Amino acid sequence: MMARQERDPDFFFKYLVDREGHLKGLFWADSQSRRDYEAFGDVVVFDSTYRTNKYNLPFVPFVGLNHHRSTVIFGCGIISHETGEAYEWMLRTFSKAMANKHPISVITDGDLAMQRAIRVVWSDTVHKLCVWHIQENIVRHLSDDAVKEEFRSFIYDRSSIQEHESKWVDFLERNKVTSEESWLHQMYKMRKLWCAPYLVGRCFLGLSSNQRSESLNSVLHTHLDGSMTLFKMVEHYERCLSTRRLNEAVLDIVALQSVPFTEVDASSLEKHAAQVFTPAMFVLVRYSTDAVRNCTLSGEILDTDDLTTFVVAKKHRGEKFQVEYEKKEGSSERISCSCRKLECLGTPCSHIFYILGLLEVKRLPSCCVPTRWTMSAKAACPGARKNCMYDYSASLRRYRELRNLSHAKCFSAAHSVEAYEHLKMVLNVQDDRKESSSGHKECMRYGPVLPQTARLDSGELEKVLDPVHVQGRGAPKKRMKKKRKRSNSKCGYCRLEGHNRRKCAKWIEDNNLTEPC
């Protein structure tokens, strides 16, 4: 780790030892992972996996989605035991490495220790349980097919919370669920972490399970085994990380040098979406543009001074949605829909495209194009960073506030030549003042540079002993049984080997039978 920190000054690592000096916790993230988290750290998925090292320490990667909807790795950790205290240490260390920026949402499996740690450390983060693990547990704990299907309906039921609660009460009474130790009752107590009514409008970027983390674990297991040292394990992890970053670079090149194909008669909004979104995201946006043909106005239009409300329905379907469009003079547009797809996935829904088409809007409003889905996702992150720029404090808060204000002001100023020239002049004046006061241009400090990691000298590292081997959770690994050699068959009549009674010459001779052909 020290050698890596010399090559990468922003490389972060921190470890934890027990009373005897044995390693019991380790977390690390290089500078690129920390920049990726700054750009794409709104949703985090993490899970633990075993049998990646000879000490059997659980391996915990933190992953998310980049602007191409590919898996991006924010950091990795190792803990000795999956306890609440161990996960709290891991999450606090992760937050320290990422300038105390907490994710908006997090997806994990149903591990209770993880749940406790998230409630303590990331109290404002929305926590969701992996749907895939819930489906697996349904098969494991429930035997009646009717009960299974009714339970599955709670995952996707979009009714109101009041209706949902009454359905739960009726379900528990009909199935006589009285014991608090039963799996059904435990899932009922955790319903706010996986039932749809409690998660409506929450940002999960379309993710419903931790399969991104499981997929990474599967890839790592193709290179890792239970006999590796921690050093070898980290080496293999770095190779996997390099491969994913190479794939992202290739996708960046494709996105910068090409624009997704659109039909000649495509709408102006669809053509604009093809230009601003990455190709991978435009594939999802196109589903919404194609569904516009099924939309129609339903009911009257409510128009006030600045806000107009439309009611949109799908043809041959009874469900209706309210779309609110707001445009103030001299400010940017704002549009939202009651389906909440824009908030959850980050892409405009078909209802929004339909209303914008009715209003003859030629370009998507900025609120419909989140920066994280564009090639400008990493524009705020400089290519090279200095250790001494600043530690996380009020300066990071001020930077983020100024960044948000400047984005809005620049967008407004771009619509007017006079405003554009005025803002450009103001920025140039401020730039000149900074340069003259500092004496050299290198002291200009832009972007959220991550805090400098506390360095550990070689004397401290020498005191860390090898981890203690821990017992893995779950079912033990099955061993292949050795195949027994098939013994030569014996005849049941003459007791000689090499044939059976049906082909026994002595049996045929003694019973005056004809020899089988």
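Biologist: What area does the protein expose, and what share of it do carbon and sulfur atoms supply?

Modeller: The protein exposes about 29900 Å², and carbon and sulfur atoms supply 52% of that area. Accessible areas follow the Shrake-Rupley method with a 1.4 Å probe, and for residues only the protein chains shown count as cover. The model is predicted, so local features need pLDDT of at least 70 and side-chain atom pairs pLDDT 80 or more, while totals for chains, interfaces and linings use all residues. Residues are numbered from 1 along each chain as its sequence is written, and side-chain values use heavy atoms, without hydrogens and water.

Biologist: What percentage of the residues is buried, and how many helices and strands are there?

Modeller: Buried denotes under 20% relative accessible area, exposed over 50%, and partly exposed the range in between (1.4 Å probe, protein chains only). Of the 517 residues, 44% are buried. The protein has 19 helices and 12 strands, which are DSSP runs numbered from the N terminus (helices H or I, at least four residues; strands E, at least two).

Biologist: Which elements do the buried residues of H12 pack against?

Modeller: A contact requires heavy atoms within 4.5 Å. In helix H12 (residues 268-276), the buried residues are Leu 269, Glu 270, His 272, Ala 273 and Ala 274. They pack against helix H13 (279-290) and helix H15 (350-358). For the protein as a whole, among contacts between residues at least 6 apart in sequence, 61% join residues at least 24 apart.

Biologist: Is Phe 62 buried or exposed, and which residues does it contact?

Modeller: Phe 62 lies in strand S4 (residues 59-65) and counts as buried, because its relative accessibility is 0%. Beyond its neighbours within four places in sequence, Phe 62 has contacts that include Phe 27, Val 44, Phe 74, Met 90 and Trp 122. Its C-alpha atom is separated by 9.5 Å from that of Ser 48, 14 residues away along the chain.

Biologist: Which residues make the nonpolar surface patch of about 310 Å²?

Modeller: Patches consist of residues with over 30% relative accessible area and no salt bridge; like charges are joined within 9 Å, and nonpolar side chains (Val, Leu, Ile, Met, Phe, Trp, Tyr) within 5 Å. Here the patch is made by Leu 297, Ile 301, Leu 358 and Leu 359. Leu 358 belongs to helix H15 and is partly exposed, with a relative accessible area of 42%.

Biologist: How many salt bridges are there, and which residue pairs with Asp 42?

Modeller: Side chains of opposite charge can pair when their charged atoms come close. The rule asks for a side-chain nitrogen of Lys or Arg within 4 Å of a carboxyl oxygen of Asp or Glu, and the count comes to 14 salt bridges. Asp 42 pairs with Arg 372 at 2.8 Å, N to O. This pair links distant parts of the chain, 330 residues apart: Asp 42 is in the loop between helix H2 (31-40) and strand S3 (43-46), and Arg 372 in the loop between H15 and helix H16 (394-413). Both Asp 42 and Arg 372 are buried.

Biologist: Where do the partners Asp 170 and Arg 174 lie?

Modeller: Both lie in helix H7, 4 residues apart, about one turn of the helix. An α-helix has 3.6 residues a turn, so residues three or four places apart point the same way. The side chains of Asp 170 and Arg 174 meet in a salt bridge (2.8 Å, N to O). Asp 170 is partly exposed at 37% relative accessibility, and Arg 174 is partly exposed at 45%.
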